[in-house]
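Reader: Hi! I'm in my first year and I'd like a close look at one part of this protein. Could you take me through the pocket and what sits around it?

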Amino acid sequence: DESNVKVATLSDIHSFKEYQQIYNDIAKKIEEEDDFDVDGSAGPNLVRLAWHSAGTYDKNDKNPHTNGGSYGGTMRFSKEGGDGANNGLAKGREFLEPLLKKYTWLSHGDLWTLAGVAAIQEMGGPKIKWRPGRKDLSEEYQAPNGKLPDAAQGPDYVRKFFNRLDFTDREMVALIGAHTLGRCHVTSSGYDGPWDFAPTMFDNGFFTQLQKGVGKGEGQWHLRKWDGPEQYEDNNSNSLMMLPADMALVQDPKFKKIVDEFAASQEAFFNEFAPAFQKLLENGIQFPKESKEFVFRTLDEQSS
Ligand code: ZEM
């Protein structure tokens with residue numbers, strides 16, 4: 001049955017211990033290769049890899065050849081991998097490649113989503129429940145290009161985009177809070193700079209920065225004067241950035257209320273983010289009722 005391709009089969013699933021081992025290998029590799037990027041860690045790139053592997057999903061498309069999601073690991077093929085939105089992610093995929101050699105039974109989809117979970121947890125983020133069972137699919141299952149979001153857009157676009165992925169306002173605001181991590185690279189997206197001062201710490205820093213909105217005041221934001229695409233810059237340091245699609249979250253009153261809530265409470269942000277990120281990584285996949293949700297221990301927790 002064509003509509004039932006993206007099924008996680010229990011018989012293919014390995015033990016919790018084995019996935020924790022893979023988690024540990026990823027976490028240690030992140031620690032060891034601390035010259036991966038400007039800010040050091042490969043973590044932010046891996047979170048973006050997990051997100052882009054899943055963010056092609058279309059809840060209204062029942063055709064498994066085109067409806068995207070993380071199941072098939074199809075970003076390894078040139079059409080999806082070559083989508084401009086995926087610029088810079090080959091580096092993350094190559095970083096993870098040795099794990100596919102070591103764990104020959106592991107699928108790309110399981111590896112990339114597990115790496116995103118490991119990166120978030122190791123950078124101080126919430127525990128994300130994770131389930132295995134994705135399988136590599138062939139080239140015929142690459143999502144069409146253009147399924148990932150356009151950073152130049154405003155609130156209506158953002159809401160519509162994340163509705164396609166089956167998310168509520170609260171979930172979408174929380175998910176974009178992952179911009180507390182990493183930075184924009186001129187060579188990848190054309191945009192430039194980090195969103196907050198601790199780009200390898202998963203915290204609510206994105207919201208405390210964003211909350212201030214556009215204006216002339218302390219810590220507020222203005223349009224950057226430069227040759228690149230339209231982006232915002234902070235009045236205090238002129239070194240942080242916001243995309244138009246980030247600023248959308250303070251332009252829409254419903255979004256703004258949620259931004260204020262997450263800026264005031266990191267706990268509220270984490271509580272919304274963790275299940276939303278799990279859902280993002282599982283969109284379009286049928287998991288058997290008996291499938292267990294794994295919660296991995298961080299390296300820190302294992303050493304104490
Ligand atoms: Zn991002 N994102 N993103 N994002 N993203 C970038 C970087 C990162 C948008 C977007 O255009 C961009 C989500 C949502 C949205 C991360 C995670 C998540 C960059 C910079 C752009 C342009 C890429 C570059 O130049 O390297 C838009 C428009 C979004 C929605 C409206 C969601 C949801 C995410 C995860 C849950 C992360 C971690 C990065 C940083 C990557 C890095 O290499 O540092």
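Author: Sure, let's begin at the pocket and then work outwards. Keep in mind that this is a predicted model.

The largest pocket has a volume of about 1,000 Å³. It is lined by 45 residues, and the closest to its centre are R48, W51, H52, H179 and W195. Which elements give two or more residues to that lining? They are α2 (43–54), α6 (155–164), α7, β1, α9 (244–251) and α11. Helix α2 has the largest share, with six residues.

Pick out H179 from those central residues, since there's a metal to talk about. The ligand carries a zinc atom, and H179 is its single donor from the protein, with NE2 sitting 2.2 Å away. You'll find H179 in the loop that runs between α7 (169–176) and β1 (183–184). One caution here: water is not among the atoms, so a site like this may look incomplete.

Now stay with α7, on one side of that loop. Is this helix mostly covered or mostly open? Mostly covered: seven of its eight residues are buried. Those seven are D169, E171, M172, V173, A174, L175 and I176. As for what they pack against, the partners are α6, α8 (205–210), α9, α10 (253–264) and α11.

On the way from α6 to α7 the chain passes through a loop that holds D166. D166 isn't a glycine, yet its phi is positive, at about 75°. Its relative accessible area is 37%, so D166 counts as partly exposed. If you like that sort of detail, N238 also has a positive phi without being a glycine, near 50°. N238 belongs to the loop between β4 (232–234) and β5 (241–242). With a relative accessible area of 44%, N238 is partly exposed too.

Back to α2, the helix with the largest share of the pocket lining. N45 has its place in this helix. Why does N45 count as buried? Because its relative accessibility is 13%, and the cut-off for buried is under 20%. Leaving aside neighbours within four places in sequence, N45 is in contact with F36, G88, L89, K91 and G92.

Next, the nonpolar interior. The largest nonpolar core has 82 residues, and I26, L96, F273 and F277 have the most contacts inside it. Helix α11 (residues 266–282) gives the most to this core, nine residues. The core also draws at least three residues from each of domain 1 (2–148 + 280–303) and domain 2 (155–267). Apart from it lies another core, this one of seven residues, including A8, Y71, L137 and F287.

Try zooming in on F277. Not counting residues up to four places away in sequence, F277 touches V47, A50, G116, V117, I120, I128 and L175. You've met L175 already, as one of the buried residues of α7.

Finally, the two domains themselves. Taken over C-alpha atoms, the centres of domain 1 and domain 2 are 24 Å apart. Where they meet, 25 residues of domain 1 are in contact with 17 residues of domain 2.

Definitions and conventions
Residues are numbered from 1 along each chain as its sequence is written. This is a predicted model: local features need pLDDT of at least 70, side-chain atom pairs count only at pLDDT 80 or more; totals for chains, interfaces and linings use all residues. Side-chain values use heavy atoms; hydrogens and water are left out. Donors are N, O and S atoms within 2.8 Å of the metal (3.2 Å for Na, K and Ca); water is not among the atoms, so sites may look incomplete. Helices (H or I, at least four residues) and strands (E, at least two) are DSSP runs, numbered from the N terminus. A nonpolar core is a set of buried Ala, Val, Leu, Ile, Met, Phe, Trp, Tyr and Cys residues joined through side-chain atoms within 4.5 Å. Buried means under 20% relative accessible area, exposed over 50%, partly exposed in between (1.4 Å probe, protein chains only). Domain bounds come from an automatic or database domain assignment. Contact means heavy atoms within 4.5 Å. On a 1 Å grid over the protein atoms alone, a cavity is a set of points where a 1.4 Å probe fits but cannot get out, and a pocket is an open set with protein on both sides within 12 Å along at least five of seven lines; lining residues have an atom within 4 Å of a point. Grid points are joined across faces, edges and corners, and a volume is the space filled by probe spheres set on the points.
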